Amino acid sequence: MKTVFSFLKPYFLCIAAALFFTLTELAVELFQPLLMAKMIDDGIMTGDLGAVLALGAAMVGMSLAAFASGLLNSFYSSHVSQNMGYDMRCQLFEKIQSFAFANFSRFPASSLITRMTNDVTQIQNTVFMSLRIMLRAPLLVLGSVVMAFIVNARLALILLAVVPVLFFILVWLMKRAGKLFRAVQEKLDAVNSVMQENLAGIRVIKAFLRRKHESDRFTKASKNLRNLTVSALRWTELAMPLVLLVMNGSIIVILWFGSFEVTGGSASVGEVVAIVNYTTRMTGAMSIFSMIIMAFSRARASSQRIADVFAEEISLRDGEESDSALMIQQGTIVFDSVSFQYPETEVPVLQNISFTAERGERVAVLGATGSGKSTLFQLLPRLYDVNGGKILIDDNDIRKMKLDVLRKQIGFVPQETMLFTGTVKDNIAWGNAKATMEEIVEAAVHAQIHDTVMAFPDQYDTLLGQKGVNLSGGQKQRLAIARALVRKPKILLLDDSTSALDVKTEQKLLAALKAYSCTTLMITQKMSTTMNADTILLLEEGRLLAKGSHKQLLQDCALYQKIYHSQFEEEDSYVQ
Amino acid sequence: MFNKLAEPFRHQKIDLQQLEQAEDGSVDKAQRKAKNTRATVKKIWGYLAAEKWKLSFVLLMVVVSSFLALYGPYLVGMAIDDFIVTRNSGGLLRLLFGLGAVYVVHSLSVWLQNFWMIGIAQKTVYTMRTKLFRHLHKLPVPFFDKRQHGELMSRVTNDMENVSSTLNSSVIQIFSSILTLIGTLIVMLWLSGLLTLITLLIVPAMVFGMKWITKRTGKLFKIQQANLGQLNGYIQETLSGQRIVKTFSQEQKVISEFRVKNEQLREAGFWAQTISGFIPKLMNVLNNLSYAVIACVGGVLALNNMITIGVIVIFIEYARQFTRPLNDLANQFNTLLSAIAGAERVFDVLVEKVEMADEEKAAELEQLEGEVEFAGVSFSYEKDGDTVNDISFRVLPGETVALVGPTGAGKTTLINLLSRFYDPDCGSIFIDGHEIRDIKRESLRRHMAFVLQDTFLFHGTIRENIRYGRLTASDAEVEEAAKTANAHSFIMNLPRGYDTVLDQDGGGISHGQKQLLSIARALLADPKILILDEATSSIDTVTEMKIQEALVRLMKGRTSFVIAHRLNTIQKAEQIVILRDGELVERGTHRSLLGKGGFYSELYHSQWKREVPLPG
C-alpha cells in the first residue's frame, strides 16, 4: 500500500478538500434531526406557524448546501483517483521503458499490460470509493460507541468488547482474500497471455488447424481465473454475514443483560432501547466498513504487483563514469576480445571476438544459424553488455558513452521487421522525429521503397495495420531500412535485413547506401552481398573463424569456400 | 494552494455529441444495432438465464433475508415491550432464542445468496469470455490484420472485468431494493396517504436527475472503455517492439505518445467518475428535501390537528426507509451502465462476420491427390488496385512450383488465397477439380502444411512447438522431424534440450533456428500440399544445403509451393511461375525459361549469374 500512498501525496490538498466536503455532508445529515426536534418543540407545540416555516426553510437550505458539498466532493475525489491512476500508468510505463532486456525476461508483456491497466483501475476505484465514504463508517462506529457510553456505560461495555473482535475477523479475512486476489490477478495475466499469443499467431493456428487445441488452453486459463475469482470473492463476501451475526448477537446479549439491569433498577427501559438503536446503526456502518476493507484487500494485491515493477532493478543503465560529451565522430568500431553469454544461461554465445571496422567500411558478417551473429549486433547499441573484453567506438569504450547518445547514432534494422500502427510517413519518421518530408522521401528513395509507396492510394499517408500486414515481407524490410537511414547514422547495422529482397533490389539498395558515410555491418546469407563487402567476418559457434576480403577468404578458408560453392556451384554445373 | 484546489475544475470538457458522430462514422450498421443498450442487457440476461435454477434460489434467499431484516427489529420491539417492561425473564429467554434463530438464518441467507450469485456471475463471465475467444478464432485473417491486438485483449480482460464486478453484486442489490421499496410503500400508504404522496414527489425529480446523469455517464463509460482499449493496444504494441524502441533510443518519444493516450483515458475517466458520483449526492439531497417538506407539511397539518406528531416522526423514518432502496437502485443503475459499456464492446466482436461459415454445400475432402489449379484469379487487399490479377496455372500432383518475382509481386498473396486466409475477388482455385470454396476450410487446411514467412513460435517447450504440427506425435517422432530439419543438433546443445522453454516471441534462439523449428513442425504434419514461404531465408547456406536434402525428401510425393530467392531452390522446381506486379508473366522449367530469354532469364543473368566471379 506504500506505493499507493506515495502516489497520493501530490494530491494531499485535494484529498483534504474531498474529506472536508464529506464531513460537511455528514454534519448536515446529523443536524437535520436536531432541527426537526426544534421544529416540534418551538413550532408545533407553541402553535407558531412562522417558526415551522422558518425552520423548514433552514432545513431546505442545509440540504442544498449538503448537495453542493456532495458535488464538490465528487469533483475532488475523482480528480484525485484519476490523476493518481494517470501518474501510476505514466511512471510504470517510464519504468518499463528503462527496462533492459534481462528485466523483460522476468516480466512477460502480457503481465505488464494487466498491471498497467487492470491493476491500476482496481486501485483507482478503491481510492475513489474511500474518499467518499472512508470517513463515514469509522466515524459512525465511533460516534455510536461514544453515545452508547453516555447513555449507559455498563451496557455499552458489551459493544466495546464486540468491536475489536469484529475488527480482528475483518482483518483476517482481508489478509486471506488479499492473497487470493493476488493469485486472481496472476491468472488474469495468464488469460491475457494466451490471448496475446493467439492474436499474434493466428495464421499459424489457422494453418495447422489448432483451433481446438488453443481453445482448450484458453478454456483452462479462464477456468482457473474463474475458480480463483469465485473463491476470493466468496471469502470477502463472508464478511457481511459475519458482521451481521456478531452485531445481531450482541443485540441479544444487550437485551438479556439489559433486562437484569432494568430489574435491578440500574437502567431504564429507554436506555436499553437507545443502546439497541445505536447497535443497529453500527451494524450499518460496519457493513460499509467491511466493504471498504474488502476493496482494500483487492487494491493491496494490485498495489503489490505494481510495486514489484517499480522495485525491479534495471540491469543495464548509464554508469556514473558515462560522459555525455562522447559522440560517435568517425564510426570506427573495435571489438577487443569480446565474450558474451546471455544472463542466466551457462553457454557462451560469443568467445574472444576481435576485429576492427574502419570508418565507412562495409563489413559482412557470415556464419551458420545460431553462430552468434545477431548477438554480436545487439552488443553494439548495448542491448546487453559484454561479459569479457570491450567494444570501442572511436577509441572510446561504449560503456563510457551515454546510452541514448550511442543509440541515437546507430541505425539498426532488425531481422524481424516490426512496424508500428500509423502511416508510412510516421513509420519512417520514427527513426528521426525531426526529419523533414524531404529527408523522409530521400531515405525512402535510398531504401528502394519510394516507388512502391508512391503507388499506394494515399502514398506516404497510407495507414499500416498492426505489424504492417498489408505490406509484403520485402516491403516491410525496406521500410525498416528507410527508418534507419533517416537517422543519418554513423553506424548502420543490417541484421539479415535484405533476406526478403530480390537480388536486383538489394544491389540497388547497397549502391544507394554508399551515399551515407557510415560504417556498415551487415549480417547476410547471400554470397552476392558478401562479395561487395570490404571485410568479411566468418563466425562459427561463437568464435571468429576468419576475417578478410572475399578473395582472401576464398583462398584461405575452407568453410568460406564451402559456403561459396553451396550457393554458386550447383547452378554452374547445371548451366555448363 | 488555490491553484491546486482549482485543478479539478479545469479538466477539459468532452464533447459528447461530436464523439458520438465520430463513433458512428466508424462502425457499420450491423454493429450500431448491437450498440443498443436494451439489446445488450437482454443478451447479458440471456447468459444469466442459463443458470435459471440457481438464480431463483438466489432470489428466494433475497426474499428470505429481506423479510428477516424487517422481522428481527419487530421481535426486538416485542422483547422490550412485552418482556423487559413487564420483567418476564422466562418469556424473554424464549423470545431471545427465537431471535437468535432469526439472526442465524438471516446471516445464512445473506451468505448463501452471495455464495451462489458469485458462482453464477463468474460462470457467466467465463462463458462470455470463452465464447468471445472461440468466436475470434472463427474470424477471417483480415480481421486480425486490421486490429491492434492489445485493443482486442482489453476486451477480454478489462471489459469483461467490468461486467464481472457488476454481476457479482448488482443483481442481488437490485432485487432486494425493489422488494424493500414495495414493502415500505405499502406501510406508508397505510399510515398517511397525503404524506406518501409528498414523499413520492421526489420520484419524478429523481427520474429527471437520473436521466441527466445517465445520458452522460452511459456515453462516458463507453469512451472510457474505448480509451482504455486503445491504451492497452499501444502498450502491447510498444512492448512487442521494445527491441526497436531501445536500439533507436526512442523511449522518450514512446513515453510522450503514451502520455497523450493516458491523458485521454484520464479525462474520460474523470468525467465518467465525477458525474456518476453525482448520483448518491442527488439522492441525498432529494432525501433531505423530502425530509424538510414532510416536516413542514406535517407541522402545518399537526397545527390544524389533522395528524399527530407521532405520525410525523414515524413517517420520516419510513420516508428514509423508502429512499434508501431508491438510492441503491440509482447507484446500481449506474454500475450497470459501466458494465453495459464493457459488454457492448465484447458483443461488438461477437457480431463480426465469421470466416468459418463454410458455404452450405461445402464438403469434407477425405482423399487428396494434390492437383491445384488457379483459374483467372484476381484479388486485392484494398478496394482499389489489384494485388494479383488474372492468374491462371495448373500444378500436377506431386509437382513442385516455385513462385518467383520481385518483392511485392503477389507471391505471398497467392499462398493466402490457396489456404483461404483470403478469398479471391474473382476467378477460382481448384484442388483435385473441386472449387476450394466447396471444401470445408478445416478439411482443406488439414491437407496442407505451412512454413510461413513470419515464423511464429508459442510460449512453451521446443518439443511442444514442434508437436504443434501433429498433436498426437510421439516424442520419438518429434525428434525424428527435428533431425530431418537439421534442428536436432542445436537443440541438443541447449542446456535443457527439447525441454527448453521458448519465450513468447521465440527469444533465446536465433531467427534461423526458429525457421528450422517451423520446418520440423511442418514435417511432422505430413501434408499433401506443402507451402514454403521464404522458409529458409534466415538459414545459412551450409545448413540449408543440409536440410535441402530433407526438403527434397519432404516434397517428394507432395504438391509443393515454394517462394524463395535462392536460385538453387528455384531451379529444382518442376514448374517456375514468374510474377511481376501481380501478373503472371512467364511459366516453365528453369531450362525452358532460360531458353526463352524472357524476364526469368534476365533475372537469372542479372541477379544470380552476373555477380559470380569464377572461383580462384
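The exercises below, each with a worked solution, concern a predicted model with chains A and B.

**Exercise 1. Helix 3 and helix 5 of chain A**

Determine how helix 3 and helix 5 of chain A are oriented relative to each other, and describe their contact.

*Solution.*
Step 1. Two packed helices are described by the angle between their axes and by the distance between those axes.
Step 2. Helix 3 covers residues 49-97 of chain A and helix 5 covers residues 109-133 of chain A; they pack at an angle of about 155 degrees, and their axes are 9 Å apart.
Step 3. An angle over 145 degrees counts as roughly antiparallel. Helix 3 of chain A is therefore roughly antiparallel to helix 5 of chain A.
Step 4. The crossing of helix 3 of chain A past helix 5 of chain A is right-handed.
Step 5. Sorted by class, the residues of this contact between helix 3 and helix 5 of chain A are twelve nonpolar, seven polar and three charged.

**Exercise 2. The contact between the chains**

Describe the contact between chain A and chain B, and state which element of chain A gives the most residues to it.

*Solution.*
Step 1. On the side of chain A, 155 residues are in contact with 146 residues of chain B.
Step 2. Helix 3 of chain A gives the most to the side of chain A that touches chain B, namely 27 residues.
Step 3. That side of chain A consists of 78 nonpolar, 53 polar and 24 charged residues.
Step 4. Helix 3 of chain A packs with helix 12 (residues 251-303) of chain B at an angle of about 165 degrees, the axes being 7 Å apart. Because of this angle, helix 3 of chain A is roughly antiparallel to helix 12 of chain B.
Step 5. Helix 3 of chain A passes helix 12 of chain B in a right-handed crossing, and their contact has 26 nonpolar, 19 polar and six charged residues.

**Exercise 3. Annotated spans**

Compare the record's "transmembrane region" annotations in chain A with the modelled secondary structure of residues 133-151 and 278-296.

*Solution.*
Step 1. An unreviewed UniProt entry places the feature "transmembrane region" at residues 51-76, 133-151, 157-174, 238-258 and 278-296 of chain A.
Step 2. In the model, residues 133-151 of chain A are 89% helix and 0% strand, with end C-alpha atoms 27 Å apart.
Step 3. Residues 278-296 of chain A are 100% helix and 0% strand, and their end C-alpha atoms lie 26 Å apart.

**Exercise 4. Two residues with positive phi**

Decide whether A:Asp394 and A:Gln448 are buried or partly exposed, and locate each in chain A.

*Solution.*
Step 1. Most residues other than glycine have a negative phi. A:Asp394, although not a glycine, has a positive phi of about 50 degrees, and phi of A:Gln448 is positive as well, near 60 degrees.
Step 2. A:Asp394 is in the loop between strand 4 and strand 5 (396-397) of chain A, whereas A:Gln448 lies in the loop between helix 15 (437-446) and helix 16 (450-455) of chain A.
Step 3. A residue is buried if 20 or more other C-beta atoms lie within 10 Å of its own, and exposed if 12 or fewer do.
Step 4. A:Asp394 has 17 such neighbours and so counts as partly exposed; A:Gln448 has 25 and so counts as buried.

**Exercise 5. The surroundings of A:Leu392**

State where A:Leu392 lies and which residues it touches.

*Solution.*
Step 1. A:Leu392 belongs to strand 4 (residues 388-393) of chain A.
Step 2. With 16 other C-beta atoms within 10 Å, A:Leu392 is partly exposed.
Step 3. Leaving aside residues up to four places away in sequence, A:Leu392 touches A:Val334, A:Asp336 and A:Asp397.
Step 4. A:Leu392 and A:Ile333 are 59 residues apart in sequence, while their C-alpha atoms are 5.8 Å apart in space.

Definitions and conventions: Residues numbered from 1 in each chain as written. Chains lettered and ligands numbered in written order. Predicted model: local features only at pLDDT ≥ 70, side-chain atom pairs only at ≥ 80, totals over all residues. Helix = DSSP H or I, 4+ residues; strand = E, 2+ residues; numbered from the N terminus. Contact = placed C-beta atoms within 7 Å. UniProt positions renumbered as here; feature names shortened; annotations may be inferred. Axes fitted to C-alpha atoms, helices over the stretch in contact; angles between N-to-C directions. Parallel < 35°, antiparallel > 145°, perpendicular 65-115°, else oblique. Left-handed = near helix turned anticlockwise from the far one by under 90°. Nonpolar A, V, L, I, M, F, W, Y, C, P; charged D, E, K, R; others polar.
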